[in-house]
Amino acid sequence: MAADNLGCGGDTITAIFGSFQKDLELEQEKREDIRVVVKELDQTVRQMITTLQSIHKPGGLSKVTELVEQTRAILKQTIPDLYSKLAETVSKAEFYRYHDHWKFCTQKLTFVVTFIEFLSTGKLLLWHEAADSLSLTTDRSSDKLYYDLEDYLHGLVSLSNELSRLAVNSVTAADYAKPLQIAAFMNDLDSGFRLLNLKNDSLRKRFDSMKYDMKKVEEVVYDISIRGLTAAPQESESSKAKDESSSV
């Protein structure tokens with residue numbers, strides 16, 4: 001009788017809601033599978049960030065190459081397999097349904113690979129290059145797990161935060177050229193972000209924090225400039241050239 005009142009035809013309420021329960025259980029199983037992978041992903045990300053941030057310890061800047069290689073080794077050994085498991089669990093059509101589970105890990109990993117690139121080459125790792133480093137894809141038709149652009153941009157904001165810290169610690173370590181390099185890099189990064197029409201969301205708010213990073217780096221550059229520390233290497237090279245000229 002109740003089934004007829006609901007317009008369910010010959011189906012009973014028990015049968016209808018029984019099928020709903022099966023769907024809910026399958027959904028819960030999938031989310032649990034995702035959570036297991038993401039938990040391992042998060043632990044690995046924390047390990048890599050901890051390794052990289054050792055550069056801020058006394059003597060850390062002299063070990064940049066070693067720390068970068070250690071972090072790359074961890075990344076290559078674990079990250080591709082973990083993202084592959086997520087790609088097997090989540091179909092392309094379901095990506096944004098479950099993306100919230102791992103997006104923060106991906107943003108942190110973006111920071112890791114872009115920071116590695118800066119420490120190694122002083123350059124910006126592009127979106128598709130970061131995707132390759134993480135075994136992700138920017139191609140929505142690929143079988144690999146998709147790499148959302150906003151995750152990449154969030155990672156770049158985190159990179160800005162870290163570089164402002166590195167600028168200060170570089171001066172402490174008597175590396176006066178590094179803050180100048182960081183200032184030029186962050187100016188370019190800031191200019192790039194300003195070309196984007198960001199809405200009033202989390203990315204916009206995080207981008208606004210970059211101006212404080214810029215201010216901190218500019219203050220560092222100003223301090224070493226008025227103390228003549230930035231000119232010291234140039235004077236040294238000039239003196240060397242004069243000595244070489246005199247010897248000839």
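Reader: In the largest nonpolar core, which residues touch the most other members?

Author: Heads-up: this is a predicted model, where local features need pLDDT of at least 70, side-chain atom pairs count only at pLDDT 80 or more, and totals for chains, interfaces and linings use all residues. Numbering starts from 1 along each chain as its sequence is written, and side-chain values use heavy atoms, leaving out hydrogens and water. A nonpolar core means buried Ala, Val, Leu, Ile, Met, Phe, Trp, Tyr and Cys residues joined through side-chain atoms within 4.5 Å, where buried is under 20% relative accessible area, exposed over 50% and partly exposed in between (1.4 Å probe, protein chains only). Out of 60 residues in this core, the ones touching the most other members are Tyr83, Trp102, Phe115, Leu134, Leu163 and Phe193.

Reader: Where is Asp151?

Author: Helices here are DSSP runs (H or I, at least four residues; strands are E, at least two), numbered from the N terminus. Asp151 belongs to the one covering residues 149–172, helix H7.

Reader: Which side chain of opposite charge is nearest to Asp151, and how far away is it?

Author: Lys and Arg count as positive, Asp and Glu as negative, while His and the chain ends aren't counted. A salt bridge needs a side-chain nitrogen of Lys or Arg within 4 Å of a carboxyl oxygen of Asp or Glu. Asp151 is buried and has no salt bridge; the nearest candidate is Lys103, at 6.5 Å.

Reader: So what joins the side chains of Asp151 and His99?

Author: Think of N or O atoms paired within 3.5 Å; within protein, one must be able to donate a hydrogen and the other to accept it, and residues adjacent in sequence count only if both atoms are side-chain atoms. Asp151 has such a pairing with Gln107 at 3.1 Å. With His99, the link is a polar contact of 2.7 Å.

Reader: Why does the length of H7 agree with what you'd expect?

Author: The expected span is 1.5 Å times one less than the number of residues. H7 has 24 residues, so it should span 34 Å, and that agrees with its end C-alpha atoms being apart by 35 Å.

Reader: How many residues apart in sequence are the parts that Glu94 and Lys30 tie together?

Author: These two form a salt bridge, with their closest N and O atoms 2.9 Å apart. Glu94 sits in the loop between helix H3 (64–89) and helix H4 (95–98), and Lys30 in helix H2 (residues 13–52), so the pair ties together parts whose separation in sequence is 64 residues.
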